[in-house]
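Reader: I've got a structure open on my screen and a pile of bench questions about it. Could you walk me through it?

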Amino acid sequence: MTAARHVAVVGAGPAGLAAAHAALAAGARVTLIDSAEQPGGQYHRTLPEAYAAERPGELQHGWSAFERRRRQVLAHPRCTWLPETSVWALERPDQDGEGTERPGRLQERPDQARKRSVGAPPRLHLLCGGPVDGSGRTRRTLDADALVLATGAHDRVLPFPGWQLPGVYSAGAAQALAKGERVVVGDRVVVAGSGPFLLPVAASLLEAGSRVREVLEAGTPGTVARGWSGRPWELASQLGKAAELKDCAAALARHRVPYRLGRAVVEARGAGRVEEIVTARLRPDWSVVPGTERTVTVDALCVGHGFSPQLELPVAAGCALRGEQPGRGGTGEFVAVDDEQRTSVPCVFAAGEITGIAGAPAACAEGAVAGWTAAGGAPSVQPLRVLRRSRDQGRAFARRLARAHPVGAGWPGWLRLDTVVCRCEETDYRALCEAFTSAAESAPRVAKLGTRAGLGPCQARICGPTVTELRDRFAGRAADGPAERPADGLPAATPHRRPIAQPIRLGELASPAAALIDDEQHLPEGEQLGDASDQIPSDSKQRPSASDQTRTEDEQTRSRGEPTHIEGEQSHPDSEQESDS
Ligand SMILES: Cc1cc2nc3c(=O)[nH]c(=O)nc-3n(C[C@H](O)[C@H](O)[C@H](O)COP(=O)(O)OP(=O)(O)OC[C@H]3O[C@@H](n4cnc5c(N)ncnc54)[C@H](O)[C@@H]3O)c2cc1C
């Protein structure tokens with residue numbers, strides 16, 4: 001009997017959970033890893049277990065479909081769920097001489113070395129058993145037969161004078177507090193930025209008790225209408241999303257919250273924290289129309305101008321990015337994948353927002369395709385075709401989203417010389433202008449060291465895209481034009497290259513890392529493999545339900561031949577009839 005293929009999935013958001021589900025359905029053993037306490041990612045951000053919430057699905061869309069899948073995956077006997085576990089680094093087989101011992105490194109067992117030498121995916125370095133900034137975490141390594149990366153995105157915020165003041169939140173952070181903690185960021189709040197994401201943020205804030213004064217979309221009516229109109233069949237496949245946005249719009253209407261197009265927050269003011277904001281009408285390129293400024297009193301401001309994918313792990317794995325120009329530098333924006341979600345690195349798959357910003361339904365479909373293929377599932381089964389179609393519809397939606405809500409090139413006009421651009425290091429626009437106009441300092445690495453922009457705790461996650469865009473403007477390079485050639489012998493400078501993907505304490509770094517279960521008989525000496533259910537949150541610590549057991553039997557049938565059904569997100573979770581959103 002051949003051992004089941006071991007698939008490691010990093011990220012338990014919609015994409016990662018769907019990947020785990022499909023890989024299990026294809027007969028694989030799955031290790032599902034997330035730095036959060038609960039699966040769900042950004043879309044299904046849930047209250048901590050300790051809150052024992054009576055209605056955890058409140059403020060959620062597609063809750064029952066998600067909850068069903070979550071239970072099926074976590075209770076599955078072939079699934080090991082590692083909550084509060086961060087992948088802080090990836091080690092490529094070619095980086096360690098394929099199994100050769102290095103000082104200070106855990107000695108590899110011969111079977112591991114063999115496995116890593118035959119086109120194995122990178123080794124995962126984990127910090128287990130605590131939140132991202134926690135203490136008492138244990139260092140582990142994990143080798144799998146295939147790796148699915150589904151690490152999602154975070155929201156992007158463009159700088160403007162005063163955006164560093166307390167009380168100015170990224171829209172995602174405000175929503176996370178409302179959805180994940182039921183904490184409101186303020187009483188009188190304005191939500192501003194770009195994209196349909198502003199609507200669920202405003203709806204979450206209203207539900208959690210804030211008074212939302214207005215929602216400001218920077219895109220002008222013409223740009224937004226042109227982006228969304230035409231090719232209606234592409235939108236017909238996104239009815240779930242449309243219904244969700246309609247619910248949010250209805251919530252805004254019920255609370256009489258105005259939604260204004262072509263207007264942005266161009267300044268935040270206050271003594272010690274935000275007290276008022278200045279909004280202004282924008283032209284289609286987001287430059288300010290003079291004389292249209294208005295002051296609004298607030299005690300919190302939530303801003304979001306789209307999303308940035310979390311690319312540090314794919315970059316560390318060596319995955320090619322879309323739009324990258326090999327050997328010529330330049331940074332692609334998303335992970336390049338083929339029709340089966342394979343990246344350019346053998347046995348490494350990518351799914352969800354790291355391959356494009358297309359929303360939760362597309363993330364689910366991509367995850368299911370990735371998980372199924374990573375597990376070695378048959379490539380031509382009918383459910384896979386349905387999932388691919390759903391994924392492709394999601395991608396068409398993503399292109400439309402990008403067309404309707406582009407970041408206008410005129411936003412740097414909002415900046416003053418003393419505007420902080422890198423909040424961690426308090427680097428202002430003046431310092432960047434000086435660096436970018438100096439022949440000696442304009443190279444990316446020199447500018448970074450000279451200005452310190454991007455060297456703080458967030459490691460350029462927030463300011464990185466902004467600094468790159470400003471640099472390109474100074475160099476007279478179009479964002480989509482030819483990239484700058486990297487210095488000889490150095491990899492291209494990219495804001496996504498972070499060899500240490502998650503914060504790690506020096507003490508943790510210094511401690512030896514034991515190999516995590518590879519399989520039971522390969523445990524490090526003296527260690528026992530606990531029941532997988534030890535790691536399952538209490539509400540899923542249950543034997544598989546009758547339907548789960550039936551599914552497991554189905555899977556056995558499937559692993560012998562054709563699957564009967566891969567439950568990806570052939571359609572949006574919300575397309576199911578639900579009463580819990
Ligand atoms: C802040 C924010 C709020 C959003 N809110 C909405 C909304 O209200 N409505 C809507 O329609 N869409 C929303 N979106 C978009 C939606 O969340 C995505 O379409 C969908 O969640 C993407 O799924 P995903 O699985 O690709 O990523 P995510 O849902 O982001 O999941 C990624 C997971 O990977 C984990 N992870 C990342 N790096 C590591 C690591 N190194 N180690 C371990 N785990 C790691 C994260 O903890 C996370 O759980 C939001 C996006 C963001 C960024």
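Reader: Let's count first. How many helices and strands are there in the protein?

Author: Keep in mind that you're looking at a predicted model. Counting along the protein, you get 16 helices and 23 strands.

Reader: What share of the residues counts as buried?

Author: A residue goes in that group when its relative accessible area is under 20%. The protein has 581 residues, and the buried share is 54%.

Reader: And how much accessible surface does the protein have?

Author: Carbon and sulfur atoms hold 52% of the surface. The total for the protein comes to about 25100 Å².

Reader: Of the contacts with a separation of 6 or more, what part is between residues 24 or more positions apart?

Author: L147 gives you a feel for such pairs: this residue of strand β7 (residues 146-149) touches C347, V348 and F349, among others. L147 and C347 are 200 residues apart in sequence, yet their C-alpha atoms are 6.2 Å apart. Across the protein, the part you're asking about is 72%.

Reader: Staying with L147, is it buried or exposed?

Author: Its neighbours, leaving out residues up to four places away in sequence, include A8, V10, L90, P121, P122 and L124. The relative accessible area of L147 is 1%, and the cut-off is under 20%, so L147 is buried.

Reader: Now the ligand. Which residues around it come nearest?

Author: There are 33 residues around the ligand. They divide into 12 nonpolar, 16 polar and five charged. The ones that come nearest are A15, D34, Q175, K241 and E353.

Reader: Which helix gives the largest share of that shell?

Author: Several elements supply at least two residues each: α1 (14-25), β4 (86-91), β8 (153-155), α4 (171-181), α8 (239-254) and α10 (360-374). The largest share is three residues, and it comes from α4.

Reader: How much of the ligand's accessible area does the protein cover?

Author: Start with some polar atoms: a nitrogen atom of the ligand lies 3.0 Å from a backbone N or O atom of V87, and an oxygen atom of the ligand is 2.9 Å from a polar backbone atom of E353. A side chain joins in too, with an N or O atom of Q502 at 3.2 Å from a ligand nitrogen. On its own the ligand has 980 Å² of accessible area, and the protein covers 93%.

Reader: I always worry about cysteines. How many disulfides does the count come to?

Author: To count, two cysteine sulfur atoms have to be within 2.5 Å. The sulfur of C424 has its closest cysteine sulfur in C458, at 3.9 Å, which is too far for a bond. C463 is in a similar spot, with C422 holding its closest cysteine sulfur at 4.0 Å, again too far. By this rule the count is zero.

Reader: Of C424 and C463, which is buried?

Author: C424 has a relative accessible area of 34%, so C424 is partly exposed. For C463 the value is 4%, and the cut-off is under 20%, so the buried one is C463.

Reader: Which side chains make polar contacts with the side chain of H405?

Author: H405 is in the loop between α11 (382-404) and β21 (420-422), and this histidine is buried, with a relative accessible area of 14%. Among the residues H405 touches are S194, G195, P196 and V224. The polar contacts, of 3.3 Å and 3.1 Å, are with E217 and W228.

Reader: Over to helix α14. Which residue just after it takes a positive phi?

Author: The helix spans residues 464-474, and its buried residues are G464, T466, V467, L470, R471 and D472. Their cover includes β21, α12 (429-436) and α13 (444-451). Just after α14, a positive phi of about 70 degrees is taken by G476.

Reader: Last one: how far apart are the C-alpha atoms of L74 and L17?

Author: L74 sits in helix α2 (residues 63-74) and is buried, with a relative accessible area of 0%. Along the chain, L74 and L17 are 57 residues apart. Their C-alpha atoms are separated by 9.5 Å.

How values were computed
Residues are numbered from 1 along each chain as its sequence is written. This is a predicted model: local features need pLDDT of at least 70, side-chain atom pairs count only at pLDDT 80 or more; totals for chains, interfaces and linings use all residues. Side-chain values use heavy atoms; hydrogens and water are left out. Buried means under 20% relative accessible area, exposed over 50%, partly exposed in between (1.4 Å probe, protein chains only). A residue is near a molecule or strand if one of its heavy atoms lies within 4 Å of it. A polar contact is a pair of N or O atoms within 3.5 Å; within protein, one must be able to donate a hydrogen and the other to accept it, and residues adjacent in sequence count only if both atoms are side-chain atoms. Accessible areas come from the Shrake-Rupley method with a 1.4 Å probe; for residues, only the protein chains shown count as cover. Helices (H or I, at least four residues) and strands (E, at least two) are DSSP runs, numbered from the N terminus. Ala, Val, Leu, Ile, Met, Phe, Trp, Tyr, Cys and Pro count as nonpolar, Asp, Glu, Lys and Arg as charged, and the others, Gly among them, as polar. Contact means heavy atoms within 4.5 Å.
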